[in-house]
Structure formats: structure tokens, C-alpha cells
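Take a few minutes with the model below and try each exercise before you read its solution. Keep the sequence beside you as you go.

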Amino acid sequence: MKDLLTDEFIVAHGKPDVVIVDPPRAGMHPDVVKTILKTGARRIVYVSCNPASQARDLETLCTRYRITGVQPVDMFPHTQHVENVCRLELIEQQ
């Protein structure tokens, strides 16, 4: 993703209104987080199977976004694994 989602990609394809991410357990690459922040998309939906890496990424994203919804989803009954879906909205600049 870090090699595809670049400033050039955004210029060529336009600014997204919504970004949906579902990274691997390690979370998003820091370059991807920076690029998402630069897009200024109105909404981000972040799906994660690792609450620790999601929390790390959300800490950075929350410099421009606020969390407006969180929903854990138990897709793997009888295990400790839970998917967590988080909705973020762009903080309007005054």
C-alpha cells in the first residue's frame, strides 16, 4: 500500500471522500498514515484485527480526525480474536 498510495496517485485519481483501510496485524505503514492525513478525506473507516496497532495508528490519525464510532465484531467465536471497526470524521478547521 505504501508504494501505491502516494501523492502522485492522489493527483492522478483525485481526493477521496472516504478511505476504508483493513491493514495486516502490524497496522498501517507510517507513510500510508501520512498520505491519508494529507488527503483530507471526510471519513475514514478503519477495520483491524489487532487493537494495539489500531490504537497506535489512531493516535496519529486523531491529529486531524475524531473517532465517531467504534464497533467490535466477533467473527471468530470461541477465540480471543475480534475485529474492530472504527469510524473517523475529519475535524473541520475554523
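The exercises below move from the model's confidence to its sheet, its helices and a few single residues.

This is a predicted model, in which local features need pLDDT of at least 70 and side-chain atom pairs count only at pLDDT 80 or more, while totals for chains, interfaces and linings use all residues. Residues are numbered from 1 along each chain as its sequence is written, and side-chain values use heavy atoms, with hydrogens and water left out.

**Exercise 1. Find which elements have the lowest and the highest mean pLDDT.**

Step 1: Recall that pLDDT is the predictor's confidence in each residue, from 0 to 100. The protein chain averages 93, and 99% of its residues score at least 70.

Step 2: Go through the elements, where helices (H or I, at least four residues) and strands (E, at least two) are DSSP runs numbered from the N terminus. Helix α1 (residues 7–13) has the lowest mean, 91, and β2 has the highest, 98.

**Exercise 2. Work out the strand order of the sheet and say which strands stand at its edges.**

Step 1: Count two strands as paired if DSSP finds at least two bridges between them. The 4 strands then form an open sheet in the order β1-β2-β4-β3, with mixed pairing.

Step 2: Look for strands with a single partner. These are β1 (18–21) and β3 (65–73), so each has one side left without a neighbour in the sheet.

Step 3: Add the twist, which averages 15° from one strand to the next. Angles here run from 0 to 180 degrees between N-to-C directions, and axes are lines fitted to C-alpha atoms, for helices over the stretch in contact.

Step 4: Zoom in on one pair. β1 runs parallel to β2 (residues 43–48) over 4 bridges, and Val-21 stands opposite Tyr-46 in β2.

**Exercise 3. Sort the side chains of β1 by the face they point to.**

Step 1: Start from the general rule: in a regular strand the side chains alternate between the two faces of the sheet.

Step 2: Apply the accessibility classes: buried is under 20% relative accessible area, exposed is over 50%, and partly exposed lies in between (1.4 Å probe, protein chains only). Val-19 and Val-21 share one face and are buried, whereas Val-18 and Ile-20 point to the other and are not.

Step 3: Check Val-18 itself. Its relative accessible area is 39%, so Val-18 is partly exposed. Beyond its neighbours within four places in sequence, Val-18 is in contact (heavy atoms within 4.5 Å) with Ala-41 and Arg-43.

**Exercise 4. Describe how α2 and α3 pack.**

Step 1: Take the geometry. The two helices meet at an angle of about 35°, and their axes are 10 Å apart.

Step 2: List the residues that touch. From α2 come Val-33, Ile-36 and Leu-37, and from α3 come Asp-57, Thr-60 and Leu-61.

Step 3: Class them, with Ala, Val, Leu, Ile, Met, Phe, Trp, Tyr, Cys and Pro as nonpolar, Asp, Glu, Lys and Arg as charged, and the others, Gly among them, as polar. The contact has 4 nonpolar, 1 polar and 1 charged residues.

Step 4: Widen the view. The buried residues of α2 pack against α1, β1, β2, α3 and β3, while α3 (residues 51–61) lies across β2, β3 and β4 (83–90), at about 160° to β2.

**Exercise 5. Decide whether Thr-39 and Gln-54 are buried or exposed, and name their contacts.**

Step 1: Place Thr-39 in α2 (residues 30–39). Its relative accessibility is 8%, so Thr-39 is buried. Apart from neighbours within four places in sequence, Thr-39 is in contact with Ile-10, Lys-15 and Pro-16.

Step 2: Place Gln-54 in α3. Gln-54 is buried because its relative accessibility is 2%. Not counting residues up to four places away in sequence, Gln-54 touches Tyr-46, Ser-48, Asn-84 and Cys-86.

**Exercise 6. Find where His-78 sits and what its phi is.**

Step 1: Locate His-78 in the loop between β3 and β4.

Step 2: Read the backbone. His-78 has a positive phi of about 70° although it is not a glycine.

Step 3: Check accessibility. With a relative accessible area of 85%, His-78 is exposed.

Step 4: Set a glycine beside it. Gly-40, just after α2, takes a positive phi of about 65°.
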